[in-house]
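Please open the model in your viewer with the backbone drawn as a cartoon, and keep a way of selecting residues by number at hand. The tour below moves from one selection to the next and says what is to be found at each stop.

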Amino acid sequence: MKEEFWQERWASGRMAFHEDAPNRFLRTHFSVLDVAPQSHVFVPLCGKSTDLDWILDQGHRVTGIEFNGAAVDAVFARRALIPQITRVSDLRRLSAGRLTLWQGDFFALNEIDLGPVDAVYDRAALVALPQNLREAYATRLPALTGTAQQLVVSYSYDQSQTDGPPFSVPEAEIRRFYADHFNVDLLASEDITGPLATRCAGKEQVWKLAPLRY
């Protein structure tokens, strides 16, 4: 991924998918994953999302990855945590208690360093990537996480109405990316709200991806 693109977005404050409160779909639908207490939840391209706080407050262990160093640092500052910082190859690893955040490129993270994952929460990863990178991401994520179940938030709108991110990722694309490895279930579909709603009309959708059992 192009680091310069994301650093410029953060520097200019053009992060239309950042929310100041935990996502409503996360709060409503996380329970469908039925994860045990203290499960390991992976949040790709996590930014400084307060969704991380909400999942931690449910008693789980959370790992995220994010390009922007200021966003990563902001999460620990918000929770009054002083992280242990190590360098692992091209990534910076910050960890305190049940929270671990990797700073760097998602595609540089490997399975050994991430460890076993019980669930993936993807609100701002798939929709953040342009079309030429989405398929590579959707292929890499199940391999990285051992085909862990996922809760995915996406948008469906006329892409000609506005530039992403967040990009439109309609149902057909979701199913094309994931149906070979997961049962794909639409849990909710509601009108887009927030800053994106001022630029386009469409739907914000939430999906449960449950791994296929052969």
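Begin by selecting residues 84-88 and 91-96 of this predicted model: these are strands β3 and β4, which pair in the antiparallel sense over five bridges. If you then pick out Ile85, you can follow the pairing across to Leu94, its bridge partner in β4. Two residues lie between the strands of this hairpin, and one residue to display there is Ser89, which takes a positive phi near 55°.

Staying with β4, switch on its side chains and ask how many of its six residues are buried. The strand is mostly covered, since five of the six are buried. In a regular strand the side chains alternate between the two faces of the sheet.

Next, add residues 99-103, strand β5, which runs antiparallel to β4 and is joined to it by five bridges. These two strands also form a hairpin with two residues between them, and in its turn Gly97 has a positive phi of about 60°.

Now select Gln103, which lies in β5 and is the bridge partner of Arg92. The link between Gln103 and Arg92 is also made by their side chains, which are joined by a polar contact of 2.7 Å. A polar atom of the Gln103 side chain lies, in addition, 3.4 Å from the backbone oxygen of Phe67. Gln103 has a relative accessible area of 18%, and because the cut-off for a buried residue is under 20%, Gln103 counts as buried. To show what surrounds Gln103, display Glu66, Phe67, Asn68, Gly69, Val72, Asp90, Leu91 and Arg92, which are the residues it touches when those up to four places away in sequence are not counted.

From here, move to residues 131-145, helix α6, whose 15 residues reach 22 Å from the first C-alpha to the last, close to the 21 Å expected at 1.5 Å a residue. Which residues of α6 are buried? Colour Arg134, Tyr137, Ala138, Leu141, Pro142, Leu144 and Thr145, and you have the buried set. An α-helix has 3.6 residues a turn, so residues three or four places apart point the same way. To see what the buried residues of α6 pack against, add β1 (40-44), α5 (111-114), β6 (119-122), β7 (149-157), α7 (171-178) and β8 (182-191). Just after the helix comes Gly146, whose phi is positive, near 65°.

Among the elements just added is β7, and within that strand the residue to select is Gln149. Gln149 is buried, with a relative accessible area of 15%, and a polar atom of its side chain lies 3.0 Å from the backbone oxygen of Leu33. Leaving out residues up to four places away in sequence, Gln149 touches Leu33, Val35, Asp118, Ala119, Val120, Lys208, Leu209 and Pro211. For a sense of scale, draw a C-alpha to C-alpha distance from Gln149 to Ala70: these residues are 79 apart in sequence and 29 Å apart in space.

The next selection is Glu204, found in strand β9, residues 202-211. Is Glu204 buried or exposed? Its relative accessibility is 1%, so Glu204 counts as buried. The side chain of Glu204 is joined to that of Arg24 by a polar contact of 3.2 Å. With its neighbours within four places in sequence set aside, Glu204 is in contact with several residues, among them Asn23, Phe25, Val153, Tyr155, Ala188, Glu190 and Ile192.

Finally, zoom out to the protein chain as a whole, where the secondary structure comes to seven helices and nine strands. Along the principal axes, the C-alpha atoms fill a box of roughly 45 × 45 × 30 Å. The radius of gyration is 16 Å, which agrees with the value near 17 Å that a compact globule of 214 residues would have. Of those 214 residues, 51% count as buried, while the chain exposes about 9800 Å², with carbon and sulfur atoms supplying 49% of that area. Among contacts between residues at least 6 apart in sequence, 68% join residues at least 24 apart.

How values were computed. Residues numbered from 1 in each chain as written. Predicted model: local features only at pLDDT ≥ 70, side-chain atom pairs only at ≥ 80, totals over all residues. Heavy atoms only, no water. Pairing = 2+ DSSP bridges. Helix = DSSP H or I, 4+ residues; strand = E, 2+ residues; numbered from the N terminus. Buried < 20%, exposed > 50% of the residue type's maximum accessible area, 1.4 Å probe, protein only. Expected span 1.5 Å × (residues − 1). Contact = heavy atoms within 4.5 Å. Rg over C-alpha atoms; globule rule 2.2 N^0.38 Å. Areas by Shrake-Rupley, 256 points an atom, 1.4 Å probe, with all protein chains shown as cover. Polar contact = N/O pair within 3.5 Å; in protein donor to acceptor, adjacent residues only side chain to side chain.
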